[in-house]
Structure formats: structure tokens, C-alpha cells
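Here's a walk through a protein model, going from one set of contacts to the next. Keep the viewer open and follow along.

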Protein chains: 2
Amino acid sequence: MLKKAGVAILGLGVVGGGTYQILTEKREYFKKTQGVDITVEAVLELNKERALSLGVEESKIAGSIEEVVSNPNVDIVVEVIGGTGVAKTFVTKALMSGKTVVTSNKELFAKYWPELEAEAKKMNAGLFFEASCVGGVPIIRTLQDGMQANKVLSIKGIINGTTNYILTKMANEGSSYEEALKEAQRLGYAEFNPTADVEGFDATYKLSILSSLAFNKKICIENVYREGITKVTKEDIAQGKEMGYTLKLLGIGKDTEKGVEVRVHPTFVKNDNPLASVNDSFNAVHLVGDAVGEIMLYGRGAGALPTGSAIVSDVIFAAKHDEYFYACFENNTKGNKETKFVSDFTSKYYIRLTVLDAAGVLAKIAGVFAKNDLSISEVKQVAGTDGKAQVVIVTHISKESAVKKAIEKLASLEEVIEVNSTIRIED
Amino acid sequence: MLKKAGVAILGLGVVGGGTYQILTEKREYFKKTQGVDITVEAVLELNKERALSLGVEESKIAGSIEEVVSNPNVDIVVEVIGGTGVAKTFVTKALMSGKTVVTSNKELFAKYWPELEAEAKKMNAGLFFEASCVGGVPIIRTLQDGMQANKVLSIKGIINGTTNYILTKMANEGSSYEEALKEAQRLGYAEFNPTADVEGFDATYKLSILSSLAFNKKICIENVYREGITKVTKEDIAQGKEMGYTLKLLGIGKDTEKGVEVRVHPTFVKNDNPLASVNDSFNAVHLVGDAVGEIMLYGRGAGALPTGSAIVSDVIFAAKHDEYFYACFENNTKGNKETKFVSDFTSKYYIRLTVLDAAGVLAKIAGVFAKNDLSISEVKQVAGTDGKAQVVIVTHISKESAVKKAIEKLASLEEVIEVNSTIRIED
């Protein structure tokens, strides 16, 4: 009954190293608990010293991708190189050779899932990507095999650990964005070039994958509205805190009668929202299904062993099952023609202004909101220095377009010195 | 490519009704999104009116279990009767006829999993039980297919919605146990005879199933230490709140070098523990894996549609896959011989005493703790009326046996009027 599978690992960086470690240290454990005997048959790693230092036998270090994919002992190819350059070439070659692929590469997957899946189907190979989204949290498997009874109505997630670390630090220690980013870089939570994380690209890749699965429609990255955290200020975080909100970079997907709405942006959530207490580099995904109601999954979104855990769980699944998951929607590079998207989405808004501290200013501001059909749920004015005051306004659910118009108008008022920030709120 | 499967539902109560509703209303949706055509081919329900009122065609209402299991159109039998009487007979007959079984019946499963699985294996039938634990939360699938890379070190869960509703009500409104129970009964969260829930039997069934899967060892219900919530007082809940703790009925499983520890009892958790904010009838399971670290799943633990969601997800999985999950441990009715259990487990303790409000009493009490090698982390004394005072003591991690000895000694002291409560604490 013991099933055997040979694995090749492409790239022995942090995640590749973690994967190698789990697979080799737990070979006997997996034989006993899973009924599978999994061996690492090849690694492809330019830095040979790195491979040897991890304990890879010299004979298992391949010289080229061709050597890997022509190796009859290799059934499953794990790609943990990242990016869309060689990773794409290598994954494609592996699939073309009929190898099952397990990848943690969200960028590759978000951009090229349709063509990779087409290749996999043609060759009757598996294509697994649990590790591409939210590290060790089994969100992909849950969407594929745990939520099938549901039409998923919404998905909201803290799906990037770097930005969550930065925002948590800003909230807890009152640091500025720059200070928190530096600390995240020092600790290895943020890259030297942090753009992919802090500008929301990484979250956009993940949201496109997750919302495609959740809604059974191909959601391309171009469909996702994206706004990063680089303009977030400690003043807004502190102000939000006083009003009972926590600031998070959320990936939000909604599938309503009006259409699909997918967006990544800094968002205030109420403190009693379970997402509000997801701190540091932890991740969480909150789903609403029409049958199951609310569910939430929480865990480590990154790291050698958590991501390695997701990869190895895919490897074991692939070794045990002969039937693979393919998307049930039309997996088109350009999306599905019949999918409608909401362009002018609705939300509650938090707007902070610096105004002249004079009589009648608040009335004038309120007038702008009223004229644009925006209903206000909360107003707060804090007297400042030099004859200036801070005004914070929270709206009821409003159309984005109406809020933009109001802000333009506000910015043009003599009494308004600056519109400091506009942040969306999710309950 | 469309796979077909016929389903029979045994029992059209709350969950059976929810399951029927999902399967019939979403038949077209499942064809499109899952590639499976699932039809309800038979129901077995004594109350024919109930079946007809749900829209079941008269010709589909079976007269006996024999009629169901001999129906060649039925591939999957859903058992939602509950209990271990006819449910056991019916499930056994279904398996003996080679039908795949999907059940929500935790009592049946906790008590008879080994023999049911043996029957299923013999007939190459599937045996699915996602709905038996924590309703719509995909915890079974996660343990089977999402955590395989891990040795699970601990599992801690709020796995009974009724008691969580009662404890939440007591905490938020200062109700007594009796008042909160009555309200839970009025709302249908608690049964007329609430014993199975409030005495922890239901949680014990679930913990035995979950910890067996988590630890890859058969954990029988007899192995689980059980203590219900009937003795919980509003005084302790209020006192805990002041000290930063929330009281929950937890199912706790730990697999350490010393052995396995499985227990269900009222437990104080620190307010910043993610389990502390799981309120009302919501459930959550927190796992620690040696690779993935902490993960938590949260959602509705009961109800027609959440539990129906889990059942239908099993039905779809069964319809799509030909390979079934069987336990990888020796699935023995009496457990595995080589499994060691910790009998004298360790925990932090909260102990509340009513004492004479006199000089030297606290010193005497502290002396009893010291003599039993118990180290105290916190002491609180509240002056009462009539010359009495309340003393609350929190210990560091201590052995259960030492705590019991100390309490016996305390109870025998003249200065101690009553040992009111002893509650374990998990960080």
C-alpha cells in the first residue's frame, strides 16, 4: 500500500531549504502516518555550496532543468525560485514532461495560471499551489475541498505579512512608516527593495488567485484595484485607534448581484472584527459562504517552515491521489467575458482634513458632503495650533465616485488647508 | 467529464433538511462549478409530512433502510439521524452494501469509528465525517490534507457551541449559569435535556476524533478527561475578567515526549489569546504544528446550513474522488497499546477561596502552597462582609496531583470557610 514519489526541488533558498529539511527529516514519519515514501531525487541550485551545506548528496545536484525533467525517478517538481523568468521556463518544461508541479510562486501563478493549467491538463499532470497564498494556512485546499457547498459571497484577508508587521509596529509603538519599514528590513520581514510588498503587488497576486477560486471566475490581476501602505501615517493610525478602528492592508473580494469587486488597500476595521487582532507577520482570511456563514483561517503567511509545510502538504496530496484539481471556471488569461466588475464600488470612508479653526468651517464642510449625497455617521474636530484644526469625518456607505467629488471640492475650499487622508472602512 | 452521484439522506431533521435544501437548490451550480451532478435519490424519514413539506417527491421517500441500500441509483448515504441506535445499524448496512457514507454523527463516530472503517475498507467504500466536528469549519479536511507535513503538537478548541453561548452570555451580561442555560434553551441553542453539551460529552466525542487525526494515534473517549460547565459561577467569570482572563470550555490535546494529554474542561484563557474572542455559538480550533507553527480555524459549529455545508462538501469530494481517506494509525476500539497517556497533567491554576478576614490567614494559605511545591504567580484578596474575605490565587505551571493535595489541606484549615473553585488556565 506504500506509495512512492520522487521529488525535485528547483531553488534552495529560504523556502526551498525548509522544504528539503521537512522532506528529508520526516521521510520515516510520512511513511508511517501518510503511507507514502517521498524521496528528494534532485535539486537544481546554482549555489552548489548551499546545496551541499543542507546535506544534499552531490549526485543529486542537477546541472540543468533538462536533467531534472528527464529523470525518470522524479514525479513531482517543486518550484520555489520565484519570479516569472526561469521559474516560468522551468515549470513549463516540467509540465511538458508530464511531471506534477508544486509551486509557491504567486506572481507566476497569478500571471500564467491559465497557460500552465492548460499544459498540465494536456499531460494529465497535477498543478498545486497551496504555498502561493498565505503560507502555511490551508486556504487553497479549503476553497477547493471545504467550501464547495457554498457560493462564496466575500473574501477579506490580511494576506501580506510584511505590511502587517509594519502596520502592527506603527500601531503599537507609534512609529512612522519609515521607521517601521527599516525595522522590518533589519529583521528580514521586508526585502531591501520592499516595493512588491508595500505597494500591494504581492497581495494583488494572492487576491487574484484566491478570488478566482472563491468566486469560480477568473479574476486577473488587472481587475484588482491596488493601493499600498506607503502613504499611511502614524497620525491616522492613532486617530483610528481612538475611534475604535485598527488599520490593516486588506485584500477584499465581493461577488454581488452588481458584479465582482476586488481590491487591495489600507482599510480600517472595527476592533471587534476578528481581523483586527491579527498582528505582526500573521495572516488571516475571512470568508462568507451562503451556507456556512462566516469562517476564518489564521496562521503564518511566510517563512521557511510554514511555507515548506504547505508545499509538503501538496507533495503528499499529489503522491496519494491520481486525480488532480483543475479550475472549474474558464481559465482565460484575459478573464471571462461574462464577468461583470463593479467599477464604482461602495464603502464607508474615513477622511481627515486640516482646516482653519474658525466659526462656520464645519458647517461648510458638512455642506459639501450633503451636496454630494454623502451621509455622515461621525465627525470629530480637534483644535490644533496656529489657528488650525483637524477634522475627521466618517461616512455611511457611499459611492467611491461621490467621495472623490466631495474631496475635490473640499480641497478647493479656502478654509481647508489640506485633505490629509482618505481611508476605507470595512465592518 | 461530468461525474454523477446519487445521494440518500437518512433523517430529515434540522441538518438533514439543510442538506436536502443545499443539494436540491444548487444542483445546477454544482454541475457548473464542481463538474458533478448530484441528485437526491432517496430519503428515509419517519415523518412523511416533514419530507413532503421540504419538497421531496413521494416516490423518493423510502420505506426502509433495505430499500435505500439496495437502490442502485444511490452511491452516497448521508446519515444525520444522530445517536448510536438505528444510526449505527443503518450506517453499517450502507457500508456493507458498498455505499459511501457521509455522517455528522460525532457520538457514533467517536464510539464506533474502528469498526465502521473496517467495513468501509472491506467494501472499498468511503467514510466521510467532516460534519461530525465543528460544523462548517473544515477542520477534518485540514487535519487530513493540510497538516500532513507536521507533527501536530497541540490542539485547543472551542468545539461546542451551546456551552460557548452560555459562557459568553454569563460573561457579557453577568447572568448565572441557570439563567444563561434557560435563554440558550429558549433560542434553540440548547436541548431540553442539555446534558450532552453542558457536561462536556459532545466536546469529548469531538476531541477524541480530532486528536486521533491530529496525533495519528487512536484516542478513545475513555482517554479524555471530562468536566462540564454546570459548576461555573458568575463570580469566577467576573473575577477572571478583572484579571485579564476569559472562561471557555476548551477541548485540549497535547502530544509531548511524556505522552498524550486529552481533556475537556472549563478553562481561563488570556484575553489576547485568539480563542478568547470566539463568542456566542461560534467555534474555533487552534493547532500548533512543528512546521507550520500556529494556525486557527474559526466558524459556525452547528446549524442547518453550516453543518449542511460540511456534509455537502463531503458528498462532492466523494463524488469527485475514487480514493478515500482511511486512518493511518491502527484504528482500534481500545486504542493503540504503545500510546502513553499523561495521567498527572500540568497546568496553571486559578483557585478561589472564602476565608476568615483575619491577620495571618494569607500567610498560612501561602504556606500550604509552598509545602506542596506550588509556586504562586498572583494573589488577590478582596475583603467581604461578616468578617469573611475572598482570596484568589493563580499558580505557575503545577502538577494536578500537587494542586489537589494543597486544596485538600486548605479545605481542612479552620481559617478557610470554603474552597469555591479551581479552574485551569491555558495561555
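Where domain 2 of chain A touches domain 3 of chain A, 13 residues of domain 2 are in contact with 8 residues of domain 3. Keep in mind that this is a predicted model. On the domain 2 side, helix 12 (234-242), strand 8 (245-256) and strand 9 (259-270) of chain A each bring at least two residues to the contact. Strand 9 of chain A gives the most, with 5 residues. By residue type, that side of domain 2 of chain A splits into 6 nonpolar, 5 polar and 2 charged. As for the bounds, the domain assignment of chain A puts domain 1 at 3-132, domain 2 at 139-300 and domain 3 at 346-426. The centres of domain 2 and domain 3 of chain A, taken over C-alpha atoms, are separated by 26 Å.

Now stay with strand 9 of chain A, and look at its pairing. Strands of a sheet pair through backbone hydrogen bonds, and they do so either parallel or antiparallel. Strand 9 of chain A pairs with strand 16 (residues 416-426) of chain A in the parallel sense, over 3 bridges. If you want a spot to zoom in on, Thr267(A) stands opposite Arg424(A) in strand 16. Strand 16 of chain A also pairs with strand 12 (residues 346-356) of chain A, this time in the antiparallel sense and over 8 bridges. Arg424(A) turns up again here, with Tyr349(A) standing opposite this residue of strand 16.

Next, a pair of helices in chain A. Two packed helices are described by the angle between their axes and the distance between the axes. For helix 14 (residues 361-371) and helix 15 (residues 400-412) of chain A, the axes come within 9 Å and cross at roughly 150°. That angle is why helix 14 of chain A counts as roughly antiparallel to helix 15 of chain A, the cut-off for that label being over 145 degrees. The crossing of helix 14 of chain A with helix 15 of chain A is right-handed. Which residues meet between helix 14 and helix 15 of chain A? Helix 14 of chain A offers Ile365(A), Val368(A) and Phe369(A), and these meet Ala406(A), Lys409(A) and Leu410(A) in helix 15 of chain A. That contact divides into 5 nonpolar residues, no polar ones and 1 charged.

Over to another sheet in chain A. This open sheet has 5 strands in the order 2-1-3-4-5, with parallel pairing. Its edges are strand 2 (36-44) and strand 5 (127-128) of chain A, each of which pairs on one side only. Further in, strand 3 (residues 76-79) and strand 4 (residues 100-103) of chain A run parallel and are joined by 4 bridges. Along that pairing, Glu79(A) stands opposite Thr103(A) in strand 4 of chain A.

Finally, bring chain B into view. The contact between the chains takes 42 residues from chain A and 42 residues from chain B. On the chain A side, the elements giving two or more residues are helix 2 (27-34), helix 7 (139-145), strand 11 (293-300) and helix 13 (304-320). The residues on that side of chain A divide into 19 nonpolar, 17 polar and 6 charged. Strand 11 also pairs across the chains: 5 bridges join strand 11 of chain A to strand 11 (residues 293-300) of chain B, and the two run antiparallel. One bridge to look up is that of Gly299(A), whose partner in strand 11 of chain B is Ile295(B).

Key. Residues numbered from 1 in each chain as written. Chains lettered and ligands numbered in written order. Predicted model: local features only at pLDDT ≥ 70, side-chain atom pairs only at ≥ 80, totals over all residues. Contact = placed C-beta atoms within 7 Å. Nonpolar A, V, L, I, M, F, W, Y, C, P; charged D, E, K, R; others polar. Pairing = 2+ DSSP bridges. Axes fitted to C-alpha atoms, helices over the stretch in contact; angles between N-to-C directions. Parallel < 35°, antiparallel > 145°, perpendicular 65-115°, else oblique. Left-handed = near helix turned anticlockwise from the far one by under 90°. Domains from an automatic or database assignment.
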